[in-house]
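The following note concerns the structure shown below. The points are set out in order for discussion.

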Amino acid sequence: MGTPMPSPDKIDFSTLPIYKPDVECTSRERIRAIQLAKLIDQVNYTYDRVSWYRDRMDELHVRPSDIKTLDDVRKLPFTDKSALRETFPFGLFATSLDEIVEMHASSGTTGKPIVVGYTKEDMDVWSECIARLAQMAGVTAGDRVQMAFGYGMFTGGFGLHYGILRIGGMMIPAGAGNTERHIQMINDYGTTVLIATPSYAMHICEVGEKLGFDWAASSLQIGLFGGEPCPPGLKAEIEARMHITCTDNYGLTEVMGPGVSGECLAHRDQQHIAEDHFLWEVVDPDTGEPVPEGEMGELVLTPLDKRGIPVLRYRTHDLTRVTTEPCECGRTLARMDKVRSRSDDMLIIRGTNVFPSQVEDVIASIPRLAPQYRMIIDNESGLDRLTIEVEIHPDAFSDSFEDMNQFTQEVTAKLQSVLLLRPVVRLLEPNSLERTLGKAKHVDDRRRG
Amino acid sequence: MSVSQISVFVESKPGHLGNVLEGFEAKGLSVRGFSAADTGGYGIVRFVVDKPEEALADLRERGFAVRLTKVLCVKLHDRPGELASVLNAMAEAKINVVYCYSLVSTYVVLAVNDIAAAEAALASGTLELVDDAEIAAFPCEKAL
């Protein structure tokens, strides 16, 4: 019980389940054929039913009949988050509300929430996408799956819930919060799979350790993470301390929710895209022009069979690269690099481009630090100043100021070599940075003027 | 002969030192002496307490970055020149005192890298060295 998966070169992938092998393992030619047929249908459907898209396509003098190849997708207009805000709440819906069986909304931390509606067919696609990624991690009908996402309007809770039901696993719908109860339930019900944000999983792990719970001996085997990007260092630490294998998936409310792509156990830094349901493009975030395959750019997604809200060429602002090489796990679906940064979370500090993911990588590589950090940018003195708060690992403290100062200097130097600017490093007590239930907040930009 | 010292990593923020002490009170631990020094952002607070192992366990359990170190504790006679004589003895033996502080004024903690050598350097005098048992036993009234 609770044995972590062996390293990828020792996994016998023939023993792991694949939910829909006739699609997930098919030839690239067939995938492209499926995509083209669906794209043509979807563009027609969207043009006929959504005036917002019809107006934009008319402005660009593009007609659905102009879509003859997959490359023709570039003739279509992009969609940005603002389109969903402008048309709040139901302006982009392609069906009558009678056909919508479930509604969700993003948290709406800036402005109005993004409202999405799913038809019965949409729910079917969604749950299948989740079933696929759960099986990539090894989840089967025999698993007992405990939900630590919040249910409610957030797509993560119900999305994962339906996917697990689709496989036939047993859902334990505990919901977010009440950490001690989660640990008690894992113990009482023999939970084998935990669904959580990585930061909350870490919190559950730490609380369990404090209570003396023996993670090595527990029934838990798999963590399905989502809701926020999972830094590799944090994942490795959770895997080691909870004795489980963790994967995470990618998705966004605007195109469906979780399940757009999921991590298999062969390439832990990549995720297979459900290409029969999503057409991907990788574009230069400034020009919108495609970048060559394998190069970094902004991910643009077109859901291929979405009925409730069809979205064309959604600009995710997430930076990634995509490969179509076959995977050792047996799947042929394209793999995207896990999203580590967004085109819009790039910070410009003293004229230098800085991504929080760069800080994350440096922090993760230093064993004496916990994999948590916060970046504070201010310009009180007139010049931009970057302060990075890090937590010292409880075992890494020495009684000597000389040693602690030297350590701070080392961390500063490592960060400076990657960021190309010198940050102020502030050592904090263990567990002093907030572990959030939702999206971990790492950047506090206090600059004025 | 040495005594056990608990060092705690504490951010220089209101209430943080108090958080450390709260647990001591709850566990009935008595502080015999302490020293707090800071760098502006964080500090190292060092305690000599009557039950060091319990204090260590309590702080660990509460998630603090904490370390137990051995330090020398010298009991001085309360007369002029005593402190100087201790430090002179260290200097003559070429032992660097990394930091030092007093418990009550006649009990002085010295952090050195080589406790045995420092102890030997003080052996010729009439100074008394103190161990954990004595720390645990001494009521402040008696020391005064």
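Which domains does the domain assignment of chain A give?

1. The model is a predicted one. For chain A, the assignment gives domain 1 as 8-29 + 103-340 and domain 2 as 347-445. Domain 1 of chain A is thus listed in the assignment as two segments, 8-29 and 103-340.

2. On the relative placement of the domains: the C-alpha centres of domain 1 and domain 2 of chain A are 28 Å apart. In chain A, 15 residues of domain 2 are in contact with 17 residues of domain 1.

3. On buried area: about 1200 Å² is buried between domain 1 and domain 2 of chain A, with 53% of it on carbon and sulfur atoms. S199(A), E206(A) and R340(A) together supply 32% of the area that domain 1 of chain A buries against domain 2 of chain A, and no other three residues supply more.

4. On charged and polar pairs: 2 salt bridges are counted between domain 1 and domain 2 of chain A. R340(A) forms a salt bridge with D361(A), and their closest N and O atoms are 2.9 Å apart. Across the interface of the two domains of chain A, 3 residue pairs are in polar contact, both residues being at pLDDT 80 or more.

5. On the domain 1 side of the interface in chain A: α8 (198-210) and α9 (232-242) each supply at least two of the residues that touch domain 2. The helix α8(A) gives the most to this side, with 6 residues. By class, the side of domain 1 of chain A that touches domain 2 of chain A comprises 6 nonpolar, 6 polar and 5 charged residues.

Technical notes
Residues numbered from 1 in each chain as written. Chains lettered and ligands numbered in written order. Predicted model: local features only at pLDDT ≥ 70, side-chain atom pairs only at ≥ 80, totals over all residues. Heavy atoms only, no water. Domains from an automatic or database assignment. Contact = heavy atoms within 4.5 Å. Buried area = accessible area lost by both parts, 1.4 Å probe. Salt bridge = Lys/Arg side-chain N within 4 Å of Asp/Glu carboxyl O. Polar contact = N/O pair within 3.5 Å; in protein donor to acceptor, adjacent residues only side chain to side chain. Helix = DSSP H or I, 4+ residues; strand = E, 2+ residues; numbered from the N terminus. Nonpolar A, V, L, I, M, F, W, Y, C, P; charged D, E, K, R; others polar.
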